[in-house]
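Got the structure loaded in your viewer? Keep the selection box handy, and we'll go from stop to stop.

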Amino acid sequence: MPNQKLVKKLSYLFIFTLSSSISFAQQHNHHTSHQDHSQHADMVMTSSNEELLSTDLMLKGQPLQPLPVLTNKSKQQGVFQTDLMIMPTKVELIPNKPTTFWLYEQKILPVIDVMAGTTVKVAIQNHLPQGTTVHWHGLPVSPQVDGNPQHPIEVGDTRNIEFTLPKDFSGTYWFHPHPHEYTAEQVYRGLAGAFIVRDPNDPLKAIPEQNLFFSDLKLDKKGQIASNTMLDWMNGREGQFQLINGQYQPVISLEGTQRWRIWNGNSARYLKLSFPEDQVEAYQVASDGGLLEKPQAITSILLTPGERAEIVLTPKKQGDFTLTALAYDRGKMGNVAKEQDLPLAQVKMQLKDKILLPEKLKDIADAAKSAVTYKVEFTEVNNPNSPAGVDFLVNGKKHDLKRVDFTIKSGEVQEWEIFNNSHMDHSFHLHGPQFQVKEYELAGKVTKPLFKELKDTINLKPYEKARIVFVDYDKGLRMYHCHILEHETLGMMGQVEIK
């Protein structure tokens with residue numbers, strides 16, 4: 001009998017050799033434009049003396065293209081069926097410098113778009129050089145199909161999964177890999193997709209939509225995806241290119257009132273998005289867990305890695321403005337540059353009839369009183385043997401696949417106190433159920449959230465506590481972790497068993 005591991009490796013190499021070279025122009029229906037870059041250097045230097053590709057070499061200023069939607073292969077009503085083939089794929093983002101990404105279905109950021117109550121069937125085929133999983137971030141699926149790192153899809157294997165969404169569940173979600181020790185790498189190599197669940201009675205369904213999926217890209221001087229440096233492991237990876245729908249500084253058309261679904265799919269970059277009140281009227285209408293109770297007027301919103309929001313925008317004038325991520329200091333360590341405002345896209349505004357928002361969007365029940373409280377503490381300790389020079393811990397321990405950190409009862413109301421006992425911002429993500437934030441506490445001052453919302457990912461400032469309330473009815477093993485992916489990969493993750 002031939003060695004099965006060797007067969008899988010050879011199979012991967014064969015597929016890698018044959019992986020298609022898909023140009024960005026073809027995938028997104030662009031016309032390739034070659035620019036004169038003779039005035040620019042071919043690389044930039046970072047604070048860690050890396051040689052990275054110059055941002056001047058990336059094509060920019062192109063119209064924002066929609067995310068590619070995966071086709072439903074099922075003919076059965078109420079069933080969505082698709083394949084997710086995961087494989088290396090060449091994409092030409094830099095003219096004449098194809099970059100090898102790892103992608104689902106050879107597409108940058110594919111979308112699964114379904115109605116509430118749909119049964120979803122996915123055949124996942126792994127043609128990477130590593131084991132992988134698919135985590136359905138924010139979706140109320142059982143632990144057995146949620147892509148936990150305990151059950152990797154090995155090289156060359158296929159896994160069929162199935163789950164049914166609740167009929168009263170909708171919102172903006174996503175999927176990404178979650179394998180043990182390889183999550184950060186697989187995401188920064190391109191693996192991510194969007195997942196939209198629609199409510200047939202959505203009070204905002206008459207408003208035109210645009211999807212904006214933010215992802216980070218770090219390319220070396222050859223135009224290939226760079227490996228992590230010590231600073232990347234320490235602070236979380238931020239590339240020189242902040243992309244929207246796989247495009248660098250695109251042009252977004254805002255024609256009258258629009259609903260923007262926004263994903264922060266970055267490994268570590270926080271996005272404090274600015275909506276200048278002299279340019280646009282902006283309302284947040286949804287967060288991680290779907291619609292808010294009522295629209296909330298905003299001029300900016302902070303989204304940490306993994307978070308989503310839905311914003312309704314109406315231009316106040318004809319003209320352009322720059323969509324910008326405002327500088328946000330999250331307490332990075334080491335020799336790093338000072339945070340600065342980051343231009344993301346040009347928004348071309350065109351006045352049309354304004355679409356008025358309803359005063360009420362949905363009812364969100366008050367969080368139930370908790371029966372039991374658990375404490376989760378994020379800390380950092382020096383470790384010269386770590387790739388970051390630091391260990392990232394939960395309750396004083398690094399993640400261990402064989403260790404259950406605590407056990408809770410199915411159907412029991414939980415209150416967790418999450419304490420960021422460190423000098424740096426950390427995001428917190430819980431797999432499975434949505435939760436409500438009961439309160440925050442910082443420097444002895446307790447504050448309540450400004451409005452009720454359902455969440456699965458929140459930010460914690462240095463030495464801040466958050467108290468969250470939720471119920472999980474599914475039995476099995478759930479993950480909770482920092483969603484700065486380098487920190488998660490290096491151990492800032494725990495496991496809770498629901499019995």
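Which residues lie nearest the centre of the largest pocket? Select Tyr440, Pro449, Leu450, Phe451 and Glu453, and you have them. Bear in mind as you look around that this is a predicted model.

**Stop 1: the largest pocket**

Now widen the selection to the whole lining, which runs to 41 residues. The space inside comes to about 1200 Å³. To see where the walls come from, colour the strands that each give two or more residues: β18 (280-287), β19 (290-297), β20 (300-303), β21 (308-315), β29 (436-442), β30 (445-447), β31 (457-460) and β32 (464-470). The top contributor is β29, with six residues. Switch to colouring by residue class and the lining splits into 18 nonpolar, nine polar and 14 charged residues.

**Stop 2: Gln284**

Stay with β18 and pick out Gln284, which sits in that strand. Is Gln284 buried or exposed? Its relative accessible area is 7%, so Gln284 is buried. Show its side chain and you'll find it reaching the backbone oxygen of Ala286 at 3.2 Å. Then bring up the residues around Gln284, skipping neighbours within four places in sequence. Its contacts include Leu292, Lys294, Pro295 and Gln296, along with Ile298 and Ile301. Also among them are Ala309, Glu310 and Ile311. Two more contacts of Gln284 should look familiar: Phe451 and Glu453, both of which you selected at the centre of the largest pocket.

**Stop 3: the enclosed cavities**

Turn on a cavity display next. There are five cavities of 30 Å³ or more in the structure. The largest holds about 190 Å³ of space. Of the 18 residues that line this cavity, select Phe101, Val187, Gly190, Ser215 and Asp216 to land closest to its centre. At least two lining residues each come from β5 (97-104), α3 (183-188) and β12 (209-217). Of these, β12 supplies the largest share, three residues. By class, the lining of the largest cavity has ten nonpolar, six polar and two charged residues.

Move on to the second largest cavity, with about 110 Å³ of space. It is lined by 14 residues, and those closest to the centre are Gln144, Val145, Gly147, His151 and Arg159. Here the lining divides into seven nonpolar, five polar and two charged residues.

**Stop 4: aromatic pairs**

Hide the cavities and show the aromatic side chains. How many aromatic pairs are there? The count comes to 18. Start with Phe241 and Tyr248: their ring centres are 5.2 Å apart and their planes are at 90°, so this pair is edge-to-face. Both partners are tucked away, with Phe241 buried at 0% relative accessible area and Tyr248 buried at 10%.

For another geometry, select Tyr374 and Phe406, a stacked pair at 4.7 Å centre to centre with 15° between the planes. Follow the chain from one ring to the other and you'll see that this pair links distant parts of it: Tyr374 is in β24 (372-382) and Phe406 is in β26 (406-408), 32 residues apart. Tyr374 has a relative accessibility of 19%, and the cut-off for buried is under 20%, so Tyr374 counts as buried. Phe406 is buried too, at 12%.

Keep those two selected and add Phe378, Trp416, Phe428, Phe435, Phe470 and Tyr480. Together with Tyr374 and Phe406, these residues form one aromatic cluster.

**Stop 5: two backbone oddities**

Finish with the backbone. Most residues other than glycine have a negative phi. Select Asn395, and you have a residue that is not a glycine but has a positive phi of about 50°. You'll find Asn395 in the loop between β25 (390-394) and β26, partly exposed with a relative accessible area of 35%.

Then jump to Ala443. Where does Ala443 sit? Its place is in the loop between β29 and β30. Ala443 also has a positive phi without being a glycine, near 55°. With 81% relative accessible area, Ala443 is exposed. From here you can step back to where the tour began, since β29 is also the strand that gives the most to the lining of the largest pocket.

Methods. Residues are numbered from 1 along each chain as its sequence is written. This is a predicted model: local features need pLDDT of at least 70, side-chain atom pairs count only at pLDDT 80 or more; totals for chains, interfaces and linings use all residues. Side-chain values use heavy atoms; hydrogens and water are left out. On a 1 Å grid over the protein atoms alone, a cavity is a set of points where a 1.4 Å probe fits but cannot get out, and a pocket is an open set with protein on both sides within 12 Å along at least five of seven lines; lining residues have an atom within 4 Å of a point. Grid points are joined across faces, edges and corners, and a volume is the space filled by probe spheres set on the points. Helices (H or I, at least four residues) and strands (E, at least two) are DSSP runs, numbered from the N terminus. Ala, Val, Leu, Ile, Met, Phe, Trp, Tyr, Cys and Pro count as nonpolar, Asp, Glu, Lys and Arg as charged, and the others, Gly among them, as polar. Buried means under 20% relative accessible area, exposed over 50%, partly exposed in between (1.4 Å probe, protein chains only). A polar contact is a pair of N or O atoms within 3.5 Å; within protein, one must be able to donate a hydrogen and the other to accept it, and residues adjacent in sequence count only if both atoms are side-chain atoms. Contact means heavy atoms within 4.5 Å. Rings of Phe, Tyr and Trp (its six-membered ring) pair if their centres lie within 6.5 Å; planes under 30 degrees apart count as stacked, over 60 as edge-to-face and the rest as tilted.
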